[in-house]
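Dear colleague,

I am passing on the model we spoke about, with the notes I made while going through it. Please look at the structure first and then read on.

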Amino acid sequence: TNSRPVIIVETMSDSMYLNAFDKFLQDPNISMNPLNVIAAYNKNSVLPLAIFYRNHGYRTFVLLDNTEESKQISAQLESNQFSPIQTIFFEREGKKLESIEDYVVIEDYLHAVNQTYEIKLRQEGYSNLTPESINSKDSKGILEKLKKIWQEHSDDDWGEFNNEEITRYICEKITLEETNFLSDKTKDQFRSLYRLIAERIRQYQNTATKSDLEKFQKKKG
């Protein structure tokens, strides 16, 4: 088996957040350091990538959104002999999260959205969004809510909401150490994600070691 486990994520944003917040939190107990984070180009390539790495001897884990498509991927992984331990859905305190963006407190995320779009859409009459304007939308997850707001402004030429730009903004600020806008709560919520991943890897190693031991004892017997 190759020593560094692989964690496959669905988007480039997932991979950027995992790496950036890892450096930001600097917590050796839950570091992403021993992991290779691999971003799939789209949801269709998650399964083939997972099978590829597993078949090449990597301990392979998959981090998924809580969308219908991702639930299908999870079912396909199981039917391809992946253990449920290897599939990790975004969650916090037992509550499912739609995407990695939902680990960022709304106020913190909106800071990045407002900073980015205030400049980009100045001509189009963009005014700063508030948590209230987001919470009034009856969609799940911050990304869906923001997409809704953008759709409402389609006549104002706002175009489409681009979450990757916001990812770049947040990750760049972390690199530059300009992180005053990120609250302790956001940091804690990302810590809970890293703890979940570390816990699953430990669980998987324990079951793998146990089954290796059983095989070895059978051979001896």
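How many helices and how many strands does the protein chain have? In this model, which is predicted, the protein chain has eight helices and six strands, and their order along the sequence is β-α-β-α-β-α-β-β-β-α-α-α-α-α. Taken along the principal axes, the C-alpha atoms fill a box of roughly 75 × 35 × 30 Å.

Of the 221 residues in the protein chain, 47% are buried, and among contacts with a separation of 6 or more, 73% join residues that are 24 or more positions apart. The chain exposes about 12,500 Å², of which carbon and sulfur atoms supply 46%. As for charge, there are 29 positive and 35 negative side chains, and the centres of these two sets lie 10 Å apart.

I spent some time on helix α1, which covers residues 12–25. With 14 residues at 1.5 Å a residue, this helix should span 20 Å, and because its end C-alpha atoms are in fact 20 Å apart, the expected and the modelled lengths agree. Helix α1 is mostly covered, in that ten of its 14 residues are buried; among them are the aromatic residues Tyr17, Phe21 and Phe24, together with Asp14 and Asp22. At the start of the helix, a side-chain oxygen of Thr11 comes to within 3.4 Å of the backbone nitrogen of Ser13, while just after the helix Gln26 takes a positive phi of about 45 degrees.

Ser13, which itself lies in helix α1, deserves a closer look. Is Ser13 buried or exposed? Its relative accessible area is 1%, so it counts as buried, the cut-off being under 20%. The side chain of Ser13 makes a polar contact of 2.7 Å with the side chain of Thr167, and, once neighbours within four places in sequence are left aside, Ser13 is in contact with Glu101, Asn163, Glu164 and Thr167.

Two loop residues caught my attention for their backbone angles. Most residues other than glycine have a negative phi. Gln81, however, has a phi near 65 degrees, and this residue lies in the loop between α3 (68–79) and β4 (87–89). Glu177 likewise is not a glycine and has a positive phi, of about 60 degrees; its place is the loop between α7 (163–175) and α8 (184–220). Which relative accessible area does Glu177 have? The value is 69%, so Glu177 is exposed, and Gln81, with a relative accessible area of 66%, is exposed as well.

The loop between α7 and α8 also holds Phe181, but this residue is buried, because its relative accessibility is 13% and the limit for buried is under 20%. Not counting residues up to four places away in sequence, Phe181 touches Asp108, His111, Tyr169, Ile170 and Lys173. Phe181 and Arg200 are 19 residues apart in sequence, yet their C-alpha atoms are 31 Å apart in space.

If you have time, I would suggest beginning with the surroundings of Ser13, where the contact with Thr167 is found, and then turning to the loop that holds both Glu177 and Phe181.

With best wishes

Terms used. Residues numbered from 1 in each chain as written. Predicted model: local features only at pLDDT ≥ 70, side-chain atom pairs only at ≥ 80, totals over all residues. Heavy atoms only, no water. Helix = DSSP H or I, 4+ residues; strand = E, 2+ residues; numbered from the N terminus. Buried < 20%, exposed > 50% of the residue type's maximum accessible area, 1.4 Å probe, protein only. Contact = heavy atoms within 4.5 Å. Areas by Shrake-Rupley, 256 points an atom, 1.4 Å probe, with all protein chains shown as cover. Lys, Arg positive; Asp, Glu negative; His and termini not counted. Charge placed at Lys NZ, Arg CZ, Asp CG, Glu CD. Expected span 1.5 Å × (residues − 1). Polar contact = N/O pair within 3.5 Å; in protein donor to acceptor, adjacent residues only side chain to side chain.
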